[in-house]
Amino acid sequence: MDFASYTDFETHFSEYFTQCVALRDDAKLMQAKRLYDNVSQAQATLVKCTQDPEERARIESQFAKLSEHASVRRMLKDMEYVDRLLTELDDEEGWTLLHGGKYTVKYRKEDYTVIHSLKIEAVLDAPLLNILVLVYESDLYSSFIPFLKFSNIGYQPGMLSKIVHCA
């Protein structure tokens, strides 16, 4: 994505802005973030190449409006959470193995809280939609994880986070 001039940027900006917000609102965070990053890079390149200070200020102002929009701020916050979650999934420090074999079950007590995190790892030969349903239906965990007596959703503060009570 390149913009040849401010006029080009201004012409396509509202289209990209609308697409970015629509993607975020449609739970397509990765695509929304990728589009936002592409527009951000193209905007930065255009600012560097622009000689006219007034035009440069208009480009920066237009992009600032995108960054200040509530849906975009939520998207950036959600993406921060996703990035942190992906990093956390790769972190092996502090986990205690409960079960090994075809699948592994690990737990970890979170620092300074009474909360325990549960990590279940397995290679599943199944359609992705079925797997996502399993992950999303955390209130049913006790029906397919043998050592759980019950599980329920305590609170769901956002699209990407859930507090689940299991015992």
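## A walk from hairpin to helix

Start by selecting residues 96-99, which form strand β1, together with residues 103-109, which form strand β2: these two strands pair in the antiparallel sense over three bridges. Keep in mind that you're looking at a predicted model.

Now click on Leu 97. Which residue stands opposite Leu 97 in β2? It's Lys 106. Then look at the turn of this hairpin, where three residues sit between the strands. Pick out Gly 101 there, which takes a positive phi near 130°.

Next, add β3 to your selection. Strand β3 covers residues 116-122, and it pairs with β2 in the antiparallel sense too, over seven bridges. The hairpin of β2 and β3 has six residues between the strands, and the one to click on is Tyr 112, with a positive phi near 60°.

Stay on β3 and go to Ala 122. Which residue is the bridge partner of Ala 122? Tyr 103 is. Along the sequence the two are 19 residues apart, yet their C-alpha atoms lie 4.5 Å from each other in space. Leaving out residues up to four places away in sequence, Ala 122 touches Lys 102 and Tyr 103. Is Ala 122 buried, exposed or partly exposed? Its relative accessible area is 42%, so it counts as partly exposed.

Time for a helix: select residues 29-49, which make up α2. This helix has 21 residues and reaches 30 Å from its first C-alpha to its last, close to the 30 Å expected at 1.5 Å a residue. Colour in some of the buried residues of α2, including Leu 29, Ala 32, Leu 35, Tyr 36 and Val 39. Further along, Ala 42, Gln 43, Leu 46 and Val 47 are buried as well. Now turn the view to look down the axis of α2: the buried residues fall within an arc of 165°, so they line one face of the helix. Why can that happen? An α-helix has 3.6 residues a turn, so residues three or four places apart point the same way. Spin to the face of α2 turned away from the buried side, and you'll find the exposed residues Gln 41, Lys 48 and Cys 49.

Finally, zoom out. The whole protein has six helices and five strands, in the order α-α-α-α-β-β-β-α-α-β-β. Its C-alpha atoms fill a box of roughly 65 × 35 × 30 Å. The radius of gyration is 22 Å, whereas a compact globule of 167 residues would have one near 15 Å. Buried residues make up 24% of the 167.

Definitions and conventions
Residues are numbered from 1 along each chain as its sequence is written. This is a predicted model: local features need pLDDT of at least 70, side-chain atom pairs count only at pLDDT 80 or more; totals for chains, interfaces and linings use all residues. Side-chain values use heavy atoms; hydrogens and water are left out. Helices (H or I, at least four residues) and strands (E, at least two) are DSSP runs, numbered from the N terminus. Buried means under 20% relative accessible area, exposed over 50%, partly exposed in between (1.4 Å probe, protein chains only). Contact means heavy atoms within 4.5 Å. The expected span of a helix is 1.5 Å times one less than its number of residues. The arc is that of the directions from the helix axis to the C-beta atoms. Two strands pair if DSSP finds at least two bridges between them. The radius of gyration is taken over C-alpha atoms; the globule rule is 2.2 Å times the number of residues to the power 0.38.
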